[in-house]
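Biologist: I would like a close look at a single part of this structure, the second largest pocket. Please take me through what lines this pocket, and then set the ligand surroundings and the sheets beside it for orientation.

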Amino acid sequence: MRVLIIGGGCAGLSTALRLQQLLRAQLKDRRVELTIVEPQPYLTFQPLLAEVAAGSIDPRHVVVPLRTALPDCRVLTARVTRIDHATRTAWVDAAPRGELRLPTEVPYDVLVMAPGSVARTAPVPGLAEHGMGFATVGEAVALRNHVLEQLDLASSTRDPELRHAALTFVFVGAGYAGVGALAELEDMARTATKGYHNLDPDDLRWILVEAKDRILGEETPELAEHTLAELRERNIDVRLSTTLESAADQLVLLSDGSRFAARTLVWTAGIRPAPVLSLTDLPLDGGGRITCLPTLRIAAPDGTPLPDAWAAGDCAAVPDQAGEPCAPNAQHALAQARLLAENLTAELAGRPLAAYRPDHPACSTSLGLHRAVAHTRRGTRLTGRRAWWLHRARQLRRLPTRERRIRVLTDWLFGGLFQREIVSLGTIEHPRAEFESGFESGSTAGPGT
Ligand SMILES: Cc1cc2nc3c(=O)[nH]c(=O)nc-3n(C[C@H](O)[C@H](O)[C@H](O)COP(=O)(O)OP(=O)(O)OC[C@H]3O[C@@H](n4cnc5c(N)ncnc54)[C@H](O)[C@@H]3O)c2cc1C
């Protein structure tokens, strides 16, 4: 039996890890074949990206290499371009982006959909040219370098307008990504200003723009209120019910009429289901997510289970106890993946399937070094160090594989012993620049020199 998992993120990798445990004997004697398709050779644990940007965690430690974690699984570093579930066929493309190759057909018997979601962009003037995203390790590292470069620029220029633009940081979208990245970077930049003779933390301007009337839409309203109060207490300018109208020429124009220059614009305004979902014959709901039953089987339009088809994570509209689709977050993705693997195994063995019954959410959000807000399952509200420890313990527990947990824990321990590393390695993003400058006119040496 060939099981094909689409996506090696939180839900895809966790499903594969659990299936590897549950079907060990069948995988060994090749009664079952497990294949996972993921464009990156690793999982990115997005909830820790803000700490990568802040320099608290080594970028390599928030990714889990799929081939190491899944020795009993076939890993295809490729992108699925189409799925025809009626004929149990997927098409995968292993060619790098931009190169045209014919996709390969991959036949399967059982399909597990876990391609997650992607950032939702908008046709705002100037956004494509000046905006940055925040969903990958590359983006987290680039944003860190960019913020530190702005401090260097502001400290070194005599142009007051340039200095002001360099010290203005705008984040659009107050979900996990926007709130986490802004709070961690603000904290890091505040610490970094101590190393500059002419920068003061109050010179920095941090603006969080959110179209809705609340922040952290994926979390409980109580935690969102609590987080908002903390951010505002730190002088972070949070603008609710406000949208970005233009960013042309690095001049930010907001719907509340304000206009200012900013050299940093981070776009984290919402997500949409992975585009591959529209290239399948699987049933989707109004929001474009796959309709699921509480057992994590995909639901046919008549509400019956679609044979041999399962889904979990951000791409799946899985009903909770109240019948509402679960929010797209890592907590649900990981818990659904575990149950999916158990239900799939139960079905193979002819056992009854269990329904997904999410726990009361254990919510928390990190807001920098020693700063967080957290709510316990009993409803106790915590802030500061206690919330921060609780948040870190929760993130560590969720991070897939023990080896990565140890690496992240070690980063945190070293971070506690030494000061936070604050240096911009901006040249990493242009590794050929120095070499290429040698070929600029007049700088090439003659023969034999
Ligand atoms: C910056 C940031 C911070 C976050 N912080 C938190 C937090 O603090 N707490 C929390 O609960 N949640 C958080 N989230 C949300 C959380 O990361 C997601 O809800 C979770 O990762 C969803 O898991 P998933 O497996 O469905 O999707 P993902 O983890 O995104 O995995 C989907 C995978 O599918 C792959 N894929 C996509 N298309 C294809 C294709 N065509 N073919 C093959 N593979 C494909 C992608 O490359 C990706 O690796 C955060 C998200 C971001 C971006």
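**The second largest pocket and its setting**

Modeller: The largest share of the lining of the second largest pocket comes from α12, which contributes seven residues; please keep in mind that the model is predicted. The space in this pocket amounts to about 1,100 Å³, and among the 37 residues that line it, Gly55, Ser56, Gln419, Arg420 and Glu421 are the closest to its centre. The elements that each give two or more residues to the lining are α6 (137–156), α8 (176–192), α11 (384–398) and α12 (402–417). In chemical character, the lining divides into 19 nonpolar residues, with nine polar and nine charged residues making up the others.

Turning to the ligand, 28 residues surround it, and the closest of them are Ala11, Glu38, Val80, Asp314 and Ala330. Oxygen atoms of the ligand also have polar partners in the protein: a polar side-chain atom of Gln46 lies 2.9 Å from one, a polar backbone atom of Pro115 is 3.3 Å from a ligand oxygen, and a backbone N or O atom of Asn329 lies 3.5 Å from a ligand oxygen. Gln46 thus takes part through its side chain, whereas Pro115 takes part through its backbone.

As for the sheets, six strands form an open sheet with mixed pairing, in the order β5-β2-β1-β9-β22-β21. Its edges are held by β5 (74–77) and β21 (297–299), and because each has a single partner strand, one side of each is left without a neighbour in the sheet. Within this sheet, neighbouring strands are turned by 30° against each other on average, when direction is ignored. Strand β9 (residues 110–113) runs parallel to strand β22 (residues 305–311), and three bridges join the two; on the β22 side, Trp310 is the bridge partner of Val112.

Another open sheet consists of three strands in the order β6-β7-β8, with antiparallel pairing, and its edge strands, β6 (79–84) and β8 (104–107), each pair on one side only. Neighbouring strands here are turned by 30° against each other on average, again with direction ignored. Strand β7 (residues 89–93) is joined to β8 by four bridges, the two strands running antiparallel, and Ala90 stands opposite Val106 in β8.

Notes: Residues are numbered from 1 along each chain as its sequence is written. This is a predicted model: local features need pLDDT of at least 70, side-chain atom pairs count only at pLDDT 80 or more; totals for chains, interfaces and linings use all residues. Side-chain values use heavy atoms; hydrogens and water are left out. On a 1 Å grid over the protein atoms alone, a cavity is a set of points where a 1.4 Å probe fits but cannot get out, and a pocket is an open set with protein on both sides within 12 Å along at least five of seven lines; lining residues have an atom within 4 Å of a point. Grid points are joined across faces, edges and corners, and a volume is the space filled by probe spheres set on the points. Ala, Val, Leu, Ile, Met, Phe, Trp, Tyr, Cys and Pro count as nonpolar, Asp, Glu, Lys and Arg as charged, and the others, Gly among them, as polar. Two strands pair if DSSP finds at least two bridges between them. Axes are lines fitted to C-alpha atoms, for helices over the stretch in contact, and angles run from 0 to 180 degrees between N-to-C directions. A residue is near a molecule or strand if one of its heavy atoms lies within 4 Å of it. A polar contact is a pair of N or O atoms within 3.5 Å; within protein, one must be able to donate a hydrogen and the other to accept it, and residues adjacent in sequence count only if both atoms are side-chain atoms.
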